[in-house]
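Subject: The structure I promised you

Hello,

Here is the structure I said I would pass on. Have a look at it first, and then read my notes below with the model open beside you.

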Amino acid sequence: MVELAGGALIGTATLWSIDTHSRSGHVGLSLLPAARGKGYGTDVVATLCHGGFALRNLHRLQIETLADNTAMVRSAERNGFVREGVLCSSAWMLGEFLDEVLLGLLGQDWKQDPAALGLSGRSVGSQSRRAGEVTRAPQRRARSRVSLHAASAVSGRCLTSRSVP
C-alpha cells in the first residue's frame, strides 16, 4: 500500500490462500508503525472484501490475528466480520506461543458500503496500471489517500481496477 500524497510505503495487504473449490479466502494486512491509527486498516479490509466478494465471487473470507491486536479486530468488525473463536497458543511470536482470534464473514452477510469504498465523493488520483497492479478506490477519509496494489495469488488478475458503481 502506498500513500498517494507522498508516495510513501505504508504497508502490505493481500487476499491469500484462496480456495476456488470452497470459494473462500483469507484477508491479511500489515501496516508500518507510522501508518497505524489513521483508518487505513478499515479502508483496506473494505477493499479486500470487495475484491473477494464482488470480483472473485467468494463465499467466505476470514482473518486470523493475534488476540491482542485490537486495531485489526476493530477494522474487521467495522466491515462486518464476526468473532468465531480463539485459536489457543497458535502463533509463535518472540519466543512464546500466543492466542489468535478467528474472524469470519460470509458473502451473504457482507454489506457493501459505498462510503467504505470511497463513493462518497472524495477523489483519489490514480497511477498507471501495470500487470497485476490496482489503484485503490477512493478512501472515505480525506486524510487517508492510499493506493492499494494487489494481485490474485491464484490467477494474477487484478482484485479491483475501478470504482464500484
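Let me start with L94, which counts as exposed because its relative accessibility is 85%. This is a predicted model, so please read everything below in that light. L94 lies in the loop between β5 and β6, and its phi is positive, about 50°, although L94 is not a glycine. Most residues other than glycine have a negative phi. The loop belongs to a hairpin with two residues between the strands β5 and β6.

The two strands of that hairpin pair in the antiparallel sense, with eight bridges between β5 and β6 (residues 96–106). If you want to trace the pairing on screen, W92 stands opposite F97 in β6, and A91 has L98 of β6 as its bridge partner.

A second hairpin offers a parallel case. R23 sits in the loop between β2 and β3, and R23 also has a positive phi, about 55°, without being a glycine. Here there are four residues between the strands. Is R23 buried, partly exposed or exposed? R23 counts as partly exposed, because its relative accessibility is 36%. The strands on either side, β2 and β3, are antiparallel and share seven bridges; T14, for instance, has G28 in β3 as its bridge partner.

Now for the overall layout. The protein chain has two helices and seven strands, and along the sequence they follow the pattern β-β-β-α-β-α-β-β-β. Five strands form an open sheet with mixed pairing, in the order β2-β3-β4-β6-β5. Why do β2 (11–19) and β5 (82–93) each have one side without a neighbour in the sheet? Both stand at the edges and have a single partner strand each, so one side of each is left free of a neighbour. From one strand to the next, the twist averages 25°.

Both helices pack on this sheet:

- Helix α1 (residues 40–55) touches β2, β3 (24–31), β4 (60–66) and β6, and its direction makes about 155° with that of β3.
- Helix α2 (residues 70–78) touches β3, β4, β5 and β6, and its direction makes about 160° with that of β4.

β3 deserves a look of its own. Six of its eight residues are buried, which leaves β3 mostly covered. On the β4 side, the two strands run parallel and are joined by three bridges, one of which can be found at G25, whose bridge partner in β4 is L61.

For the chain as a whole, 43% of the 165 residues count as buried. Among contacts between residues at least 6 apart in sequence, 57% join residues at least 24 apart.

Two side-chain details may interest you. T42 is in helix α1 and counts as buried, because its relative accessibility is 3%. The T42 side chain makes a polar contact with the side chain of S75, at 3.3 Å. The other detail concerns N69, in the loop between β4 and α2. N69 counts as partly exposed, because its relative accessibility is 30%. Its side chain makes a polar contact with the side chain of T65, at 3.0 Å. N69 and E100 are 31 residues apart in sequence, and their C-alpha atoms are 9.0 Å apart in space.

N69 comes up again in the pocket search. The largest pocket holds about 520 Å³ of space. Which of the 24 lining residues are the closest to its centre? They are L29, L31, N69, A71 and M72. The elements that give two or more residues to the lining of this pocket are β3, α1, β4 and α2.

If you have only a few minutes, I would open two views. One is the hairpin of β5 and β6, with the positive phi of L94. The other is the largest pocket, with N69 among the residues closest to its centre.

Best wishes

Conventions:
Residues are numbered from 1 along each chain as its sequence is written. This is a predicted model: local features need pLDDT of at least 70, side-chain atom pairs count only at pLDDT 80 or more; totals for chains, interfaces and linings use all residues. Side-chain values use heavy atoms; hydrogens and water are left out. Two strands pair if DSSP finds at least two bridges between them. Axes are lines fitted to C-alpha atoms, for helices over the stretch in contact, and angles run from 0 to 180 degrees between N-to-C directions. Contact means heavy atoms within 4.5 Å. Buried means under 20% relative accessible area, exposed over 50%, partly exposed in between (1.4 Å probe, protein chains only). A polar contact is a pair of N or O atoms within 3.5 Å; within protein, one must be able to donate a hydrogen and the other to accept it, and residues adjacent in sequence count only if both atoms are side-chain atoms. On a 1 Å grid over the protein atoms alone, a cavity is a set of points where a 1.4 Å probe fits but cannot get out, and a pocket is an open set with protein on both sides within 12 Å along at least five of seven lines; lining residues have an atom within 4 Å of a point. Grid points are joined across faces, edges and corners, and a volume is the space filled by probe spheres set on the points.
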